[in-house]
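Here is a quick tour of one protein model, written for someone who would rather look at geometry than read a long introduction. Have the viewer open and follow along.

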Amino acid sequence: MHIHEYQAKRLLSAYGVPTPEGRLAATPGEAEQAARDLPGPVWVVKAQIHAGGRGKAGGVKVCRSPEEAREAAASLLGARLVTPQTGPDGERVNAVWIERGTASARECYLAVALDRASQCLTVMASPGGGMDIEAVAASSPERVFTARLDGGHYLWPFQARNLLEGWGLESGPARELASLVRRLAALATEKDMTQLEINPLALSEGGGFVALDAKMNFDDSALKRHPDIAALRDREEGDPLERAAAEKGLTYVRLGGSIGTLVNGAGLAMATMDAIKQAGAEPANFLDAGGGASEETVAAGFSIMLSDPHVRGILINIFGGILRCDIVAHGIVNAARKLDIAVPLVVRLEGTNVAEGRRILRESGLRFHTASSMSEAARLIVGLAAESPQEAGV
């Protein structure tokens with residue numbers, strides 16, 4: 001789960017990490033009043049969306065009067081901000097964060113992220129921060145220092161100090177930053193985060209460190225342990241189809257291709273997407289119906305998948321186990337009868353009750369293409385989609 005920058009900064013403040021004073025605004029008038037309430041002479045207006053790269057996309061504006069803050073908010077609110085992390089459609093800006101400007105003598109980078117290879121949280125730190133941290137990591141990887149948390153949940157003081165060797169910091173700021181690094185590691189561990197990033201972390205002209213930006217992601221499976229974090233979820237953010245799928249208990253991720261997929265099991269879903277790519281097309285989604293899906297769940301997933309206007313063909317690949325093939329077949333038939341399907345549909349069923357499932361499809365009176373293997377199904381749907389003139393699923 002993602003949260004907004006302003007929510008992340010409130011969490012940082014609770015753990016003793018300094019952040020600039022700020023206010024949230026949902027209208028241009030609120031933005032102007034926020035600037036009047038905060039000490040000047042410089043304010044920063046920031047679009048609040050769940051994506052990075054806002055600065056380069058024009059989502060962060062420096063203002064030198066409350067009137068400029070109003071104008072900046074008016075240009076952002078209601079607009080769709082497109083960044084490298086949003087996709088071509090961008091994300092709608094529903095609120096902006098107004099904060100007092102901070103004069104920085106130096107910008108650094110700090111993060112605590114889940115390292116899936118080592119299966120533990122890892123601290124990353126660099127004396128070079130800001131919008132081009134990716135360029136720093138690519139061109140000068142020796143300037144990015146890392147330390148794994150001991151036992152996956154604890155950072156020792158000497159590890160924090162070692163991260164800062166060669167930064168050229170005086171003893172006072174070095175001790176302060178080492179302490180801050182350990183607080184971040186504790187926060188990430190206690191709240192079951194998969195990512196905590198501060199970029200940039202500024203060394204202010206007054207000598208102290210201030211988190212100018214913050215990004216936090218949380219493990220969805222751990223949210224039941226953190227009702228305070230779960231309450232921060234912004235249900236207006238993210239892809240509407242992904243939100244609709246989550247409400248139905250489906251695992252759905254929207255991708256950029258043209259072949260929709262409905263599969264049971266994450267491994268089979270990934271193999272199906274690979275087969276589609278090998279056949280010369282791109283998958284439009286990852287949709288795992290799960291082992292315990294009902295007929296209604298399958299029909300709901302089918303409907304959500306078809307709501308993607310980029311879908312030009314559907315591949316359903318089911319290996320029946322707990323989820324029986326006849327249940328899937330009933331769901332497909334019911335959905336097909338309710339929806340005006342304008343794209344080709346290929347179904348591949350194997351496993352429990354496969355004969356009954358195939359009979360249901362065959363006797364439905366509806367037009368389905370069937371395949372006996374995954375590679376055959378992928379080649380068939382890619383070929384049919386290429387011949388189809390439609391660009392909308394329904």
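Helices and strands here are DSSP runs numbered from the N terminus, with at least four residues for a helix and at least two for a strand. With that in hand, Tyr154 can be placed in the loop between strand S9 (145-148) and helix H5 (157-163). Keep in mind that this is a predicted model.

**The overall picture**

The protein's secondary structure comes to 13 helices and 18 strands. Its C-alpha trace spans about 75 × 50 × 40 Å along the principal axes. Of the 394 residues, 48% are buried. Among contacts with a separation of 6 or more, 69% are between residues 24 or more positions apart. The accessible surface adds up to about 18200 Å², and carbon and sulfur atoms own 50% of that.

**Aromatic pairs**

How many aromatic pairs does the structure hold? There are two. A pair of aromatic rings is described by the distance of the centres and the angle of the planes, and the table lists both values.

| Pair | Centre distance | Plane angle | Type |
|---|---|---|---|
| Tyr6 and Trp97 | 5.9 Å | 25 degrees | stacked |
| Tyr154 and Trp156 | 4.9 Å | 80 degrees | edge-to-face |

Why does the Tyr6 and Trp97 pair count as stacked? Planes under 30 degrees apart get that label, and the planes of Tyr6 and Trp97 are at 25 degrees, so the pair is stacked. This pair ties distant parts of the chain together: Tyr6 belongs to helix H1 (residues 5-14) and Trp97 to strand S6 (residues 96-100), 91 residues apart. Tyr6 and Trp97 are both buried.

For Tyr154 and Trp156 the planes sit at 80 degrees, so the pair is edge-to-face; the cut-off for that label is over 60. Tyr154 has a relative accessible area of 33%, so it is partly exposed. Trp156 is also partly exposed, at 39% relative accessibility. Together with Phe158, Tyr154 and Trp156 make a nonpolar surface patch of about 300 Å².

**Helix H13 and its neighbours**

Helix H13 covers residues 374-387, which is 14 residues. From first C-alpha to last, H13 reaches 20 Å, close to the 20 Å expected at 1.5 Å a residue. Which residues of H13 are buried? They are Ala377, Ala378, Ile381, Val382, Leu384 and Ala385. These buried residues of H13 pack against helix H9 (266-278) and against four strands: S14 (259-263), S16 (313-320), S17 (345-351) and S18 (369-370).

Strand S17 is also home to Glu350. Glu350 is partly exposed, with a relative accessible area of 22%. Its contacts, leaving aside neighbours within four places in sequence, are Ile318, Phe319, Gly320, Cys325, Arg358 and Ser372. The C-alpha atoms of Glu350 and Arg324 are 9.3 Å from each other, with their positions 26 residues apart along the chain.

**Backbone oddities**

Now for the backbone. Most residues other than glycine have a negative phi, and most peptide bonds are trans. Here are some exceptions to look up in the viewer.

Where does Asn353 sit? Asn353 is in the loop between S17 and helix H12 (354-362). Its phi is near 60 degrees, a positive value in a residue other than glycine, and Asn353 is partly exposed at a relative accessible area of 35%. Gln119 also has a positive phi, near 60 degrees. Gln119 lies in the loop between strand S7 (104-115) and strand S8 (120-126), and at 69% relative accessibility it counts as exposed.

As for cis peptide bonds, one runs from Gly40 to Pro41, with omega near 10 degrees. Pro41 is in the loop between helix H2 (28-37) and strand S2 (43-47). Another cis bond joins Asn199 and Pro200, with omega about 10 degrees. Pro200 is part of strand S10 (residues 193-204).

Strand S10 also contains Ser204. Is Ser204 buried or exposed? At 15% relative accessibility, Ser204 counts as buried, because the cut-off for buried is under 20%. Beyond its neighbours within four places in sequence, Ser204 is in contact with Thr102, Ala103, Ser104, Ala105 and Val210.

Notes:
Residues numbered from 1 in each chain as written. Predicted model: local features only at pLDDT ≥ 70, side-chain atom pairs only at ≥ 80, totals over all residues. Heavy atoms only, no water. Patch = residues over 30% accessible without salt bridge, like charges linked within 9 Å, V, L, I, M, F, W, Y side chains within 5 Å. Areas by Shrake-Rupley, 256 points an atom, 1.4 Å probe, with all protein chains shown as cover. Salt bridge = Lys/Arg side-chain N within 4 Å of Asp/Glu carboxyl O. Phe/Tyr/Trp six-rings, centres within 6.5 Å; stacked < 30°, edge-to-face > 60°. Buried < 20%, exposed > 50% of the residue type's maximum accessible area, 1.4 Å probe, protein only. Expected span 1.5 Å × (residues − 1). Contact = heavy atoms within 4.5 Å.
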